[in-house]
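Dear colleague,

Here is the structure we talked about handing over. Please open it first, then read the notes below.

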Amino acid sequence: MGGKRALSGGIALPGGGPGVKVLLVDDQPLARERLRRLLQRLRPEACVIEADSGEAALALLAKEDPALVLLDVRMPGMDGIEVAAAMDRLPAPPAVIFCTAYDEYALEALRHQAVALSLIHISEPTRLRRI
C-alpha cells in the first residue's frame, strides 16, 4: 500500500508501517490509560504517545509526527475542536478520531476532517474496534 497501513475499518494511515505512532489526547489520566490499554490490545505494534492538553498535543504533533490522533473534545484550555482546527492547517495532518461521550459536538468535530467520531464510553471496546 505504499507507506500506508489500513486500520481494521479500512482507514489508511500515512507512514503506517510497523510501530505506527498514535497520539492520545485527553486531560483525564484514567481516560488516557483506558485508551492506551485498548489500543495495545487492538494494535500491539503501535507506538503510543500521550498529551494531557491541547497545547501539549500541538507541541507533540510537531515533534513526533503521529499518523493517528485519538482526541478528546472537552478539555480545559485549548479543547479538541481547537486542536483539530490547528491540525487542519498542517500540510499533512494526521488522521483524527474524536473520542467523546458528548454527541452535541459531533457536527463540529466532523468539520475538521475527522475520520471517525466515537460517541462511546471508553469501557466499550467493541464499538471502538469497529472504527
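**Cysteines and disulfides**

The disulfide count for this predicted model comes to 0. The cut-off for a disulfide is two cysteine sulfur atoms within 2.5 Å. Two cysteines have accessibility values. C47 is partly exposed, at 33% relative accessibility. C99 is buried, with a relative accessible area of 8%.

**Salt bridges**

How many salt bridges does a search of the whole structure find? There are 4. Among them are the contacts of E64 with K21, E50 with R32, and R36 with E50.

Take E64 and K21. Their closest N and O atoms are 3.0 Å apart. E64 lies in helix α2, residues 54-64, and K21 in strand β3, residues 21-25, so the salt bridge ties together parts that are 43 residues apart in sequence. K21 itself counts as partly exposed, at 28% relative accessibility.

**The network around E50**

Which residues are linked with E50 in a network of salt bridges? They are R32 and R36.

Start with R32. Its salt bridge with E50 has the closest N and O atoms 3.0 Å apart. This pair links distant parts of the chain: E50 sits in strand β4, residues 47-51, and R32 in helix α1, residues 29-42. They are 18 residues apart.

Now R36. Its side chain meets that of E50 in a salt bridge of 2.6 Å, N to O. This pair also links distant parts of the chain, with R36 in helix α1 and E50 in strand β4, 14 residues apart.

Is each partner buried or exposed, going by relative accessible area? E50 is partly exposed, with a value of 29%. R32 has 12% relative accessibility. It counts as buried because the cut-off for that class is under 20%.

**Surroundings of R32**

What else does R32 touch, leaving out residues up to four places away in sequence? The contacts are L24, D26, D27, E50, A51 and D52. E50, its salt-bridge partner, is thus on the contact list too. R32 itself is found in helix α1.

**In short**

The model has 0 disulfides and 4 salt bridges. R32, R36 and E50 form a linked network, and E64 pairs with K21. When you go through the model, please start with R32: it is buried, and its contacts include L24 and A51.

Best regards

Definitions and conventions:
Residues numbered from 1 in each chain as written. Predicted model: local features only at pLDDT ≥ 70, side-chain atom pairs only at ≥ 80, totals over all residues. Heavy atoms only, no water. Helix = DSSP H or I, 4+ residues; strand = E, 2+ residues; numbered from the N terminus. Buried < 20%, exposed > 50% of the residue type's maximum accessible area, 1.4 Å probe, protein only. Contact = heavy atoms within 4.5 Å.
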